[in-house]
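Me: Please pick one part of this model and take me through it slowly, with the cut-offs spelled out as you go. I would like to see how its pieces fit together.

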Amino acid sequence: MSDSDDLKKQAALAALDHVQSGMKLGIGTGSTAAFLVKGLGERVRAGLDIVGVPTSERTAKLATAEGIRLTTLDETPHLDLTIDGADELDRSLQLIKGGGGALLREKIVASASDRMIVIADGSKLVDRLGAFPLPIEVNHFGLGATLIAIETAARRLGQAVTLKRRLAADGSAFVTDGGHAIIDASFGLIREPEAMNLALAAIPGVVEHGLFIGIATAAVIARSEGVIWLHA
């Protein structure tokens with residue numbers, strides 16, 4: 001296991017200490033969340049009684065293989081806790097998510113939860129968001145007009161932006177679990193995340209974007225010198 005993977009595992013296991021029997025749990029997507037699923041599976045087999053809502057088809061498969069009982073937000077619309085990773089986070093617990101392409105379901109699940117704990121290695125903690133391109137999930141219909149609207153919104157906020165449609169590993173256009181495209185928006189640094197959040201959400205062709213503002217309640221960050229917690 002690489003040093004990075006070891007830190008991701010440490011963060012996931014530290015967050016698992018906050019999972020109690022009887023909880024309805026949102027289960028995240030991504031490389032750090034995969035360690036969460038494995039650890040959760042071990043605890044379920046040891047007697048932990050929880051039900052989970054996965055944030056992607058990929059997570060659903062991992063959780064099923066671990067023997068974790070799953071539900072949906074239609075059946076269980078209110079969750080106690082979501083645990084998920086992040087591509088970037090700052091000390092105010094503003095996040096960029098969506099590197100794995102599951103940002104829409106991740107935001108829906110997290111917003112249906114009383115609390116959200118972010119799990120990450122120390123490299124994800126930044127002073128200001130934006131070095132990681134912001135994933136924007138968009139409808140295929142009117143894509144060209146949506147791209148222009150995103151550029152216009154950025155310009156109004158004084159931000160330069162480069163937009164790139166995400167491709168799958170085989171070179172084809174990436175399609176989310178919801179059937180949408182992903183545009184990766186490179187801003188450099190996002191000066192006003194809250195304003196950007198509102199500006200992007202107002203564009204009709206934008207289904208959702210990867211800025212998570214005011215959603216996370218805590219974060220556990222694993223670094224070589226130890227694990228730290230941040231709280232909203």
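Reply: Two strands count as paired if DSSP finds at least two bridges between them. Strands (E, at least two residues) and helices (H or I, at least four) are DSSP runs, numbered from the N terminus. The model is a predicted one, where local features need pLDDT of at least 70 and side-chain atom pairs count only at pLDDT 80 or more, while totals for chains, interfaces and linings use all residues. Residues are numbered from 1 along each chain as its sequence is written, and side-chain values use heavy atoms, leaving out hydrogens and water.

Let's look at the four-stranded sheet and the helices packed on it. The strands follow the order β8-β9-β7-β10 in an open sheet, and the pairing is antiparallel. β8 and β10 each have a single partner strand and stand at the edges, so one side of each has no neighbour in the sheet. From one strand to the next, the twist averages 30 degrees; axes here are lines fitted to C-alpha atoms (for helices, over the stretch in contact), and angles run from 0 to 180 degrees between N-to-C directions.

Now walk across the sheet. Starting from one edge, β8 is joined to β9 by four bridges in the antiparallel sense, and L163 has A185 of β9 as its bridge partner. Next, β9 meets β7 through five antiparallel bridges, with I136 bridged to I183 in β9. On the way to the other edge, β7 and β10 share three bridges, again antiparallel. Here I136 turns up once more, this time with H209 in β10 as its bridge partner.

How many residues of β7 are buried? Five of its five are, leaving the strand mostly covered; buried means under 20% relative accessible area, exposed over 50%, and partly exposed in between, with a 1.4 Å probe and protein chains only. In a regular strand, side chains alternate between the two faces of the sheet. In β7, L134, I136 and V138 point one way, P135 and E137 point the other way, and all are buried.

The neighbouring strand β9 holds A181. Is A181 buried or exposed? It counts as buried because its relative accessibility is 0%. Setting aside residues up to four places away in sequence, A181 touches I136, E137, V138, H140, R165, F174 and T176, where contact means heavy atoms within 4.5 Å. Its C-alpha is 9.9 Å from that of V206, although the two residues are 25 apart in sequence.

Two helices also belong in this picture. Helix α4 (residues 103-111) lies across β7, β9 and β10, and it runs at about 65 degrees to β10.

The other helix is α5, with 14 residues (143-156): at 1.5 Å a residue it should span 20 Å, and its end C-alpha atoms are indeed 20 Å apart, which agrees. The expected span is 1.5 Å times one less than the number of residues in the helix.

Which residues of α5 are buried? They are L143, T146, I150, A153 and A154. Viewed down the axis of α5, these buried residues fall within an arc of 100 degrees, so they line one face of the helix; the arc is that of the directions from the helix axis to the C-beta atoms. As background, an α-helix has 3.6 residues a turn, so residues three or four places apart point the same way. On the face of α5 turned away from its buried side sit the exposed residues A145, I148, R155 and R156.

What do the buried residues of α5 pack against? Their partners are β7 (134-138), β8 (162-165), β9 (181-186) and β10 (206-209), together with helix α6 (193-201). Just past the end of α5, G158 adopts a positive phi of about 75 degrees.

To put the pieces back together: β7 has β9 as one antiparallel partner and β10 as another, while β8 pairs with β9. Helix α4 lies across β7, β9 and β10, and the buried residues of α5 pack against strands including β8.
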